[in-house]
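This report describes one protein chain, beginning with a single helix and its surroundings and then turning to the chain as a whole.

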Amino acid sequence: MKKIALAMCALCASVSLCAASPFQSAIDRAHRDGLYHVYVKQLAATSTKVVSYDELVKAVQGYQVVVIGGYSGLGYAYPDKVRQDLEMLVRTVGDHALYVLGATSDGIGQAYKDIPAIADMLGYHDIKMAGIVSRNAAQWGIEPQDYVVFVDTAVDDWAVVVDGKSLYIKIAADTNGVVIYFRGGGTSKGELEEALADGLPVFLVVDNTTIPNKANVEKRLSRNPNYVVDGTVDIVKNAKKWKNLIVIQ
């Protein structure tokens, strides 16, 4: 029994050492990338094309590009009202448009289902959906879409920033696109500030239709009291500073 106890202690110490080891991040990345490569093979059997950022820019030539942002994990209190906002957006933009989001289904990701359905209702025939997302999404899956760009981020990092630029905002700049956010948290704040500084046309919807899901907010704040629930507050407060910003409230 003593030998077993000593062996168990040694095993626990080994596991603890491994967990604290600098090699752990490399192990986590290798595991994540393994899932990613398997997932890319699975996507090859679907209509979703996995492309590079440059390939996406080429594919959208001739389209009106609209970058959509907002809440993801928090979701929205009134998704049906968000759909109404999306319908108004699709009607305004018209046909021959490509919408770029974060590739996943949570929160504003409902647009991956809503926009094609709205386009069909309106009789549009050339609406495309695209996503830009971290490789981390391979573990959870993405929504069906026409194009997706996977970004090789750190395992715990979902921001699609390359060379100091968010690819969400970069694609709007590279395609003469527009940026529209349905409120959003801290990440959205940084992306909006970047878009505004770059002089892009920015529309920010902060009326009652874009309130985040209360239960999800409470859960997030219970884990992190400093979590930024609404990253758009300061932007709205200083809206007059930006000539390229339209706030809808």
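In this predicted model, the buried residues of helix H5 pack against strand E2 (64–70), helix H4 (79–93), strand E3 (97–101) and strand E4 (127–134). The residues of H5 that are buried are Ala 111, Tyr 112, Asp 114, Ile 115, Ile 118 and Ala 119. After H5 comes Gly 123, with a positive phi near 80 degrees.

A second helix, H7, can be described in the like manner. Its buried residues are Ser 188, Glu 191, Leu 192, Glu 194, Ala 195 and Leu 196. Just after H7, a positive phi of about 80 degrees is found at Gly 199.

The table sets out the spans of these two helices.

| Helix | Residues | Number of residues | Distance between end C-alpha atoms | Expected span at 1.5 Å a residue |
|---|---|---|---|---|
| H5 | 111–122 | twelve residues | 16 Å | 16 Å |
| H7 | 186–197 | twelve residues | 17 Å | 16 Å |

For H5 the distance is close to the expected one. For H7, the 17 Å between the end C-alpha atoms agrees with the expected 16 Å.

Arg 29 belongs to helix H2, which covers residues 23–43. Is Arg 29 buried or partly exposed? Its relative accessible area is 29%, and because buried means under 20% and exposed over 50%, Arg 29 counts as partly exposed. Neighbours within four places in sequence aside, Arg 29 is in contact with Asp 152, Thr 153, Ala 154 and Val 155. Between the C-alpha atoms of Arg 29 and Ile 180 there are 33 Å, with 151 residues separating the two along the chain.

The protein chain as a whole contains nine helices and ten strands. Its C-alpha trace spans about 75 × 40 × 35 Å along the principal axes. Of the 249 residues, 42% are buried. Among contacts with a separation of 6 or more, 74% join residues 24 or more positions apart.

The accessible surface of the chain is about 13,600 Å², and carbon and sulfur atoms hold 56% of that area. The chain has 25 positive and 27 negative charges, and the mean positions of the two sets lie 6 Å apart.

Confidence in the model is given by an average pLDDT of 90 for the chain, with 91% of the residues scoring at least 70. Over residues 1–19, however, the pLDDT is below 50, and this stretch has three contacts in the model beyond near neighbours in sequence.

Methods. Residues are numbered from 1 along each chain as its sequence is written. This is a predicted model: local features need pLDDT of at least 70, side-chain atom pairs count only at pLDDT 80 or more; totals for chains, interfaces and linings use all residues. Side-chain values use heavy atoms; hydrogens and water are left out. Helices (H or I, at least four residues) and strands (E, at least two) are DSSP runs, numbered from the N terminus. The expected span of a helix is 1.5 Å times one less than its number of residues. Buried means under 20% relative accessible area, exposed over 50%, partly exposed in between (1.4 Å probe, protein chains only). Contact means heavy atoms within 4.5 Å. Accessible areas come from the Shrake-Rupley method with a 1.4 Å probe; for residues, only the protein chains shown count as cover. Lys and Arg count as positive and Asp and Glu as negative; His and the chain ends are not counted. The place of a charge is taken as NZ of Lys, CZ of Arg, CG of Asp or CD of Glu. pLDDT is the predictor's confidence in each residue, from 0 to 100.
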